[in-house]
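Me: Could you take a close look at one part of this model for me, the spot where the ligand sits? I'd like to hear what surrounds it and what it touches.

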Amino acid sequence: MEQQIPYKIYLDETELPNAWYNLRADMPVKPAPLLNPGTLQPLTAQELDGIFCEALVAQELNETDAYIPIPAEIRDFYKMYRPSPLVRAYCLEKQLGTPAKIYYKFEGNNTSGSHKLNSAIAQAYYAKEQGLKGVTTETGAGQWGTALSMACSYFGLDCKVFMVKVSYEQKPFRREVMRTYGASVVPSPSDTTEVGRKILAEHPGTGGSLGCAISEAVEVATVNPGYRYVLGSVLNQVLLHQSVIGLETKAALDKYGVKPDMIIGCAGGGSNLGGLIAPFMGEKLRGEADYRIIAVEPASCPSFTRGRFAYDFCDTGMICPLAKMYTLGSGFIPSPNHAGGLRFHGMSTTLSQLYHDGYMEAVSVEQTKVFEAAEQFARVEGILPAPESAHAIRVAIDEAVKCKETGEAKTIVFGLTGTGYFDMVAYQKFHEGAMSDYIPTDEELQASFDRLPRVN
Ligand SMILES: *Cc1c(COP(=O)(O)O)cnc(C)c1O
């Protein structure tokens with residue numbers, strides 16, 4: 001039985017899911033609604049329509065339909081790089097000498113190098129369908145901007161990307177990939193927006209943050225007719241699109257009668273994790289099966305493990321809606337020596353509610369340990385992982401080593417969200433022993449919590 005499982009479980013094109021799975025439909029306690037920052041009332045579809053595409057607003061607010069059909073045009077694009085392989089990590093298992101069975105779902109097999117393309121193509125499709133001219137967005141490490149540039153060029157849409165300044169400077173190649181796909185890329189904070197000029201005046205010389213870049217992108221989308229803002233993580237609609245990861249994973253495992261004991265994913269804003277776990281969490285919520293579900297985050301940006309479950313802004317400029325989530329405070333900017341990605345201060349409201357209600361666990365890991373795991377994985381499994389993905393690798397290895405100690409042959413599934421070719425500066429730091437771990441102090445976090453909006 002064991003021997004029959006191939007190194008790679010591929011589904012064929014016809015097995016690509018026809019519908020995304022909307023986890024919220026099965027949640028007994030729904031995530032708290034987004035609030036209008038002015039009135040503190042739940043945001044209506046009309047208010048959201050000014051920022052986001054209409055179809056995406058409907059998806060954002062949909063808590064009742066468990067399945068939402070994937071339009072044929074999106075499925076056609078998916079077919080160019082999906083279904084993605086589910087790989088049995090035989091070589092890693094052997095090296096660890098563990099009885100555990102390790103699988104990873106690999107999402108890095110497209111030019112953008114990550115799972116973000118799954119949502120980018122959906123968002124671009126709905127923008128096109130609405131007859132818009134273009135979209136604006138922010139990007140941190142650059143994966144989302146790259147994915148969105150690809151998606152926009154496919155549908156002939158203009159794409160304006162605000163890229164966190166430190167990344168813009170450290171990752172010129174990312175920027176050029178985006179420009180290859182026709183996007184315009186501006187380092188954030190910039191003097192091209194009102195909010196950017198304000199942030200620059202308050203924090204001269206800042207390297208920027210995702211929160212700043214979001215504020216700028218939203219401003220540009222709301223002042224330019226024919227433009228809307230799109231976001232690559234955190235939102236319900238993004239988790240919905242990413243459910244394709246989990247649906248494929250479950251279909252592949254079901255083919256071989258494999259039931260995972262634990263499912264592990266890295267968590268920045270929560271989209272890959274939310275997508276990977278969606279159908280498994282659905283079973284758990286409906287009482288049909290039980291799984292350990294583990295979110296992994298950086299110790300330098302520990303939203304789940306040390307954050308507050310509270311209403312907060314999604315951006316630094318405090319112009320975005322308020323979301324009830326695990327947050328470090330919208331003013332929190334991870335230490336500049338943090339190179340491992342996953343730098344957003346908040347977390348998906350859906351995952352926050354599930355974590356709050358005890359359906360999932362979270363752990364934080366230090367970046368030197370993350371890069372150790374990345375290197376170990378690259379050497380035996382061949383794939384050079386993104387630092388973000390390596391957070392999940394770290395905990396998968398740790399859990400497999402525990403199995404070795406207890407002699408339990410647990411089945412571990414983790415999300416390998418992307419490749420790390422554009423992160424070689426971080427790898428270089430690691431190899432030169434120049435990488436350090438910065439863990440924020442309780443005082444630093446408290447100072448940030450003190451500035452949470454008084455809605456809670
Ligand atoms: C963006 C990104 C993440 C984190 O984002 P989530 O929304 O938490 O999934 C993880 N891995 C890679 C490769 C990414 O590009």
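Reply: Sure, with the reminder that this is a predicted model. The ligand sits in the largest cavity, so let's start with that space. By the cavity rule used here, there are five cavities of 30 Å³ or more, and the largest one holds about 440 Å³ of space. Its lining is made up of 31 residues, with Lys116, Leu210, Ser233, Gly268 and Gly269 lying nearest the centre. Several elements each give two or more residues to that lining: the strand β6 (134-139), plus the helices α6 (143-155), α10 (210-223), α12 (271-285) and α16 (387-406). Sorted by class, the lining of the largest cavity has 17 polar, ten nonpolar and four charged residues.

Now for the ligand's own shell. There are 17 residues around the ligand, and Lys116, Ser233, Gly268, Ser271 and Thr417 come nearest. By class, that shell has eleven polar, four nonpolar and two charged residues.

On to the polar contacts, where oxygen atoms of the ligand turn up repeatedly. A polar backbone atom of Gly268 is 2.7 Å from a ligand oxygen. At Gly269, a backbone N or O atom lies 3.0 Å from an oxygen atom of the ligand. His115 uses its side chain instead: a polar atom there lies 3.1 Å from a ligand oxygen. As for how covered the ligand is, it has 380 Å² of accessible area on its own, and the protein covers 94% of that.

Key. Residues numbered from 1 in each chain as written. Predicted model: local features only at pLDDT ≥ 70, side-chain atom pairs only at ≥ 80, totals over all residues. Heavy atoms only, no water. Near = heavy atom within 4 Å. Polar contact = N/O pair within 3.5 Å; in protein donor to acceptor, adjacent residues only side chain to side chain. Areas by Shrake-Rupley, 256 points an atom, 1.4 Å probe, with all protein chains shown as cover. 1 Å grid on protein atoms, 1.4 Å probe; cavity = no way out; pocket = protein on both sides within 12 Å on 5 of 7 lines; lining within 4 Å. Sits in = over half its atoms within 2 Å of the grid points. Nonpolar A, V, L, I, M, F, W, Y, C, P; charged D, E, K, R; others polar. Points joined across faces, edges and corners; volume = space filled by probe spheres on them. Helix = DSSP H or I, 4+ residues; strand = E, 2+ residues; numbered from the N terminus.
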